[in-house]
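Please look over the model shown below before reading on. The paragraphs that follow treat a helix and then a small set of strands.

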Amino acid sequence: MGIMSPIRRLPSLNALRVLEAIHQAGSITAAARHLRISHSAVSHQVKILEAWATDPLFFSKGRVTMLTDAGKSLAGVTHEAFDAIRHEIDRLPLRGLRSVSLACLPLVATHWLMPRIAGFNAKHPEINLHLSLSQTDRPVTPRPDIEIQFARRNQLTGQDIALLPGDAIPVCSPALLGGRCPDELLASGPLLFDEDLRMWSQWHELTGHPARSASGSGLMLEGSVLLQGAAIAGLGIALCRRCFLERDLAEGRLVALSDQAIDDDWCYFLRCQADKRHLPEIEVVLTALVDASAASRHARAAQFTE
């Protein structure tokens with residue numbers, strides 16, 4: 001069994017509040033006004049911090065006390081921590097509502113989830129939903145009850161639920177296509193890239209189209225919602241997730257340039273906190289999401305066979 005290192009004693013909250021205030025207000029005098037305490041009270045907390053710190057946090061410039069780089073760094077971290085506490089305090093009434101928290105990717109929220117919320121609220125007025133956005137590589141804090149995320153199917157755990165397919169096809173705006181044939185545009189038109197540059201190289205390899213470089217477009221976008229929005233704006237050709245294209249294709253904002261898809265082995269999936277899975281309101285939300293997914297699949301299948 002390893003020996004735990006001793007926990008370093010932190011300065012008092014009062015001292016950290018003063019440090020935050022000096023950083024934001026710019027001086028001891030302004031910090032005292034902001035905190036509504038005396039100048040001497042602020043100076044006392046500064047002395048406490050100076051005695052606590054192993055490196056200088058303050059220096060004097062004339063009659064003005066200023067923060068060193070170390071002081072600014074600690075003040076910035078302190079501000080973030082206090083902001084997180086303030087935000088959580090503001091959310092305490094929400095916690096008391098026993099709402100179901102649901103975090104999902106922006107494209108899922110805007111193109112799939114939001115159009116279905118009104119029907120869910122009408123059917124289950126007793127359940128409060130708390131929705132937030134997440135990114136695949138940026139965990140949400142605090143962790144939501146239910147998450148809709150994106151991954152390869154073989155990365156799902158036994159408790160995860162596959163929700164929507166993740167395959168992607170090339171699309172662009174009708175104006176960008178003009179009178180050209182799709183293959184001509186795919187060979188020479190501007191390409192839109194996501195942040196990892198993987199999708200187009202995979203599509204070209206799969207279809208046998210000549211590979212194109214990322215340098216021809218000059219536009220890279222983080223996240224599928226920006227990628228699809230750029231395609232609608234006529235900025236280039238994008239590989240977009242087919243399950244979120246139906247409305248834009250039907251209403252003429254986008255046209256499909258090929259039915260050849262990539263990422264058949266990826267999907268959007270549900271993940272629920274294990275200790276919340278037994279709650280009846282969680283079960284209601286999970287069932288509603290799974291049913292909505294099945295309805296979406298049936299609608300796509302019917303559209304394909306017409």
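A residue is called buried here when its relative accessible area is under 20%. The structure is a predicted model, and that cut-off can be applied to helix H10, which spans residues 224-232. Its buried residues are Leu227, Gln228, Ala230 and Ala231. These residues lie on the same side of H10, because the arc they cover around the axis is only 160 degrees.

What, then, covers the buried residues of H10? The cover includes two helices, H6 (106-123) and H11 (246-250). Strands also contribute to the cover, among them S7 (168-172), S8 (193-194), S9 (220-221) and S10 (238-241). Just after H10 comes Gly234, whose phi is positive, at about 80 degrees.

Two of the covering strands, S7 and S10, lead to the next element, an open sheet. This sheet has 3 strands in the order S10-S7-S11, and their pairing is antiparallel. Strand S11 (255-256) and S10 are the edge strands, since each pairs on one side only. In general, strands of a sheet pair through backbone hydrogen bonds. Between S7 and S11, which run antiparallel, there are 2 bridges; Val171 has Ala256 in S11 as its bridge partner.

Helix H9 (residues 198-207) packs on the sheet, where it touches S7 and S10. The direction of H9 makes about 95 degrees with that of S10. Helix H10 also lies across S7 and S10, and it runs at about 125 degrees to S10. The helix described at the outset, with its buried residues on the same side, is thereby placed in relation to the strands of the sheet.

Conventions: Residues numbered from 1 in each chain as written. Predicted model: local features only at pLDDT ≥ 70, side-chain atom pairs only at ≥ 80, totals over all residues. Heavy atoms only, no water. Buried < 20%, exposed > 50% of the residue type's maximum accessible area, 1.4 Å probe, protein only. Helix = DSSP H or I, 4+ residues; strand = E, 2+ residues; numbered from the N terminus. Arc of directions from axis to C-beta. Contact = heavy atoms within 4.5 Å. Pairing = 2+ DSSP bridges. Axes fitted to C-alpha atoms, helices over the stretch in contact; angles between N-to-C directions.
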